[in-house]
Amino acid sequence: MSEDIAQLDQCPEWEALARHRDRMREISLRRLFAEDSGRADALSVEGAGLFLDYSKNLLSAETLRLLVALAEARGLRARIEAMFGGDKINSTEGRAVLHTALRAPRDAAIEVDGENVVPAVHAVLDRMGAFADRVRGGLWRGFRGDRIRHVVSIGIGGSDLGPAMAYRALRAHADPELDVRFVSNVDGADFAAACSGLDPATTLFIVCSKTFTTLETLTNARTARQWLVDGLGDEAAVAKHFVAVSTNRAEVESFGIDPANMFEFWEWVGGRYSLPSAIGLSLMVAIGPERFGEMLAGFRAMDQHFRDTPFERNLPVLLALIGIWYANYHGAESTAVLPYHQDLARFAAYLQQLDMESNGKRVQLDGEPVQWQTGPIVWGEPGTNGQHAFFQLLHQGTKLVPCDFIGAIEPSHDLPLHHDLLMANLFAQSEALAFGKTSDEVRSSGIEEELVQHRTFPGNRPSNTILVDALTPHALGALIALYEHKVFTQGVIWGINSFDQWGVELGKVLAGKIAAELQSESDPDLDHDSSTNALIARYRRH
């Protein structure tokens with residue numbers, strides 16, 4: 001934050017919201033809707049092909065006014081422009097944050113250190129498209145001349161969650177002749193399952209690692225390499241069955257991959273924001289360059305909406321401010337993402353990294369500890385499965401869990417009855433959470449008195465509903481960008497850096513040390529705590 005912006009808890013707008021919260025303690029959604037017949041229309045917005053109904057939230061017009069004032073006071077508009085302009089807003093790593101450049105139009109100009117990065121972005125996209133067309137068209141052949149039928153993407157974190165989630169989401173648009181699989185976990189069971197039943201002669205591996213040194217990814221890549229060589233009997237086969245997404249040409253070449261088959265990306269692309277880059281190569285192979293371009297257009301449409309739309313009608317800003325209202329003024333510690341679309345089965349997992357790695361921070365930009373709650377715990381499962389698993393807690397538990405319901409008006413299948421039932425459940429669950437069922441209503445239905453409280457639903461459980469016309473590549477791009485910018489907005493208001501992730505480093509360092517101790521042929525001198533020493537010793541005994 002700039003030096004002229006006060007500490008968050010010293011902002012008059014922050015304090016005004018606290019006073020407003022005290023006045024809102026007795027408010028109920030039943031009352032808010034009863035007093036305003038036009039509430040749903042007033043508290044619904046559209047942008048980039050997405051529709052957001054946020055009327056089932058514990059807020060009034062005054063709440064929104066105060067929240068928007070807080071965003072203005074925290075310099076959100078300037079920070080948005082700084083990000084889009086290529087300023088090095090990732091201050092702890094001295095980097096620009098330009099995932100938005102990955103989906104910028106070809107004629108855009110976005111400079112980093114005096115260089116327009118857009119031509120390089122499109123040069124890589126063009127190379128990706130040419131490669132994807134060759135694989136899809138049968139022109140890229142394996143070592144023995146076989147057509148590629150199986151694609152296995154190897155990565156971890158954003159290098160896996162993004163393409164794996166998007167491939168699942170867009171499987172209705174994928175080439176049915178290509179079987180695309182994903183390996184991320186260093187647990188050998190993941191690799192074994194992904195490669196089960198595959199023929200090395202028809203399998204292509206895409207290894208995604210910026211540095212080409214990531215432990216889990218390179219362990220799996222080396223195992224894949226050995227699997228391929230064992231199957232085809234020649235080291236030369238690697239060049240025809242492996243491509244890389246990386247920035248480290250030397251390591252890629254030493255692995256046996258032709259540098260001509262390396263697709264680059266840049267240090268200003270964070271892993272959890274990298275799907276629109278070469279990290280999405282497996283997705284482009286699956287759905288084709290044209291569909292991939294449609295997804296980029298969806299990202300771009302939401303980028304433009306976020307940058308240009310007043311905060312009062314800005315979808316990412318509204319979601320962010322509503323989240324802050326619950327986290328910082330109502331004590332909510334988590335948020336549930338509930339896609340009523342089976343193809344979005346991995347979406348909550350994707351958002352876990354996007355949100356929790358970005359905003360799971362305990363210090364401000366100046367290094368001082370935060371004195372307020374930051375990033376929420378993000379979780380969820382598709383409906384209607386979740387209804388039979390954890391909705392009991394949402395409806396009658398003691399924790400406040402704001403929910404995002406996500407649905408598509410048009411199904412991706414030819415079973416309309418199923419879709420009607422699915423969407424009926426989506427609409428019913430948000431209604432039931434908001435309005436509940438009072439004790440008097442339970443009694444009037446003839447329930448025995450001793451069961452009345454058990455059958456009472458308190459309501460006042462807030463939710464947003466996000467609808468797309470259909471789960472197309474464009475809609476998915478817009479939906480991802482919606483949450484990217486929501487997370488960024490919350491980080492700005494909390495005064496934290498949403499674009500580093502130092503919290504993942506310590507465990508990696510210790511794991512490297514312990515791995516050597518586990519594999520040592522002689523008993524190592526263990527200098528960990530007594531618990532870790534005992535665990536290592538027990539593992540070695542077996």
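Okay, first one for the room: which helix does Arg 291 lie in? The answer is helix α13. Before we go on, keep in mind that this is a predicted model.

So, Arg 291. Is Arg 291 buried, exposed or partly exposed? With a relative accessible area of 33%, Arg 291 counts as partly exposed, because that value sits between the 20% and 50% cut-offs. As for company, and leaving out residues up to four places away in sequence, Arg 291 touches His 173 and Pro 473. And if you want a feel for distance, try Ala 201: that residue is 90 residues away from Arg 291 along the chain, and the two C-alpha atoms are separated by 28 Å.

Now hop over to Asn 57. You'll find Asn 57 in the loop between β2, residues 50-53, and α4, residues 61-73. Why do we call Asn 57 buried? Because its relative accessible area is 1%, and buried means under 20%. Look at what surrounds this residue. Again skipping residues up to four places away in sequence, Asn 57 touches Leu 29, Leu 32 and Arg 39, then Ile 322 and Tyr 326, and finally Pro 462, Ser 463 and Asn 464. Hold on to Tyr 326, we'll meet that name again.

Next up, the cores. In soluble globular proteins, nonpolar side chains tend to be buried together. Here, the largest nonpolar core has 132 residues, and the members that touch the most other members are Trp 268, Phe 347 and Leu 476. Which helix gives the most to this core? That's α19, residues 473-494, with 13 residues. There is also a second, separate core of 25 residues, and among its members are Ala 194, Leu 218, Val 229 and Phe 242.

Let's zoom in on Phe 347 for a second. Not counting residues up to four places away in sequence, Phe 347 touches Met 165, Val 337 and Ile 406, plus Leu 479, Ile 480 and Tyr 483.

On to helix α5, which covers residues 76-84. Its buried residues are Leu 76, Arg 79, Ile 80, Ala 82, Met 83 and Phe 84. What do they pack against? Four helices: α4, α13, α14 and α19. So there's α13 again, the helix where we found Arg 291. And just after α5, take a look at Gly 86, which takes a positive phi of about 90 degrees.

Right, pockets. The largest pocket has a volume of about 990 Å³. Its lining has 37 residues, and the ones nearest the centre are Thr 214, Gln 501, Val 504, Glu 505 and Lys 508. Which elements give two or more residues to that lining? They are α7, α9, α15 and α20. Of these, α20 gives the most, with four residues. Sorted by class, the lining comes out as 13 nonpolar, 15 polar and nine charged residues.

The second largest pocket has a volume of about 250 Å³. Fifteen residues line that one, and nearest its centre are Gly 360, Lys 361, Val 363, Asp 500 and Trp 502. By class, we get five nonpolar, six polar and four charged.

Last stop, the cavities. How many cavities of 30 Å³ or more does the structure hold? Six. The largest cavity has a volume of about 180 Å³. It is lined by 17 residues, and nearest the centre we have Gly 323, Tyr 326, Thr 335, Pro 402 and Lys 486. There's Tyr 326, which also touches Asn 57. The elements giving two or more residues to this lining are α14, β10, β12 and α19, with α14 giving the most, six residues. In terms of class, that's 10 nonpolar, five polar and two charged.

The second largest cavity has a volume of about 80 Å³. It has 12 lining residues, and nearest its centre are Arg 79, Ile 496, Asn 497, Ser 498 and Phe 499. Remember Arg 79? That was one of the buried residues of α5. Which helix provides the largest share of this lining? It's α19, with three residues. The classes here are seven nonpolar, four polar and one charged.

That's my tour, thanks for listening!

Notes:
Residues numbered from 1 in each chain as written. Predicted model: local features only at pLDDT ≥ 70, side-chain atom pairs only at ≥ 80, totals over all residues. Heavy atoms only, no water. Buried < 20%, exposed > 50% of the residue type's maximum accessible area, 1.4 Å probe, protein only. Contact = heavy atoms within 4.5 Å. Core = buried A, V, L, I, M, F, W, Y, C linked by side-chain atoms within 4.5 Å. 1 Å grid on protein atoms, 1.4 Å probe; cavity = no way out; pocket = protein on both sides within 12 Å on 5 of 7 lines; lining within 4 Å. Points joined across faces, edges and corners; volume = space filled by probe spheres on them. Nonpolar A, V, L, I, M, F, W, Y, C, P; charged D, E, K, R; others polar.
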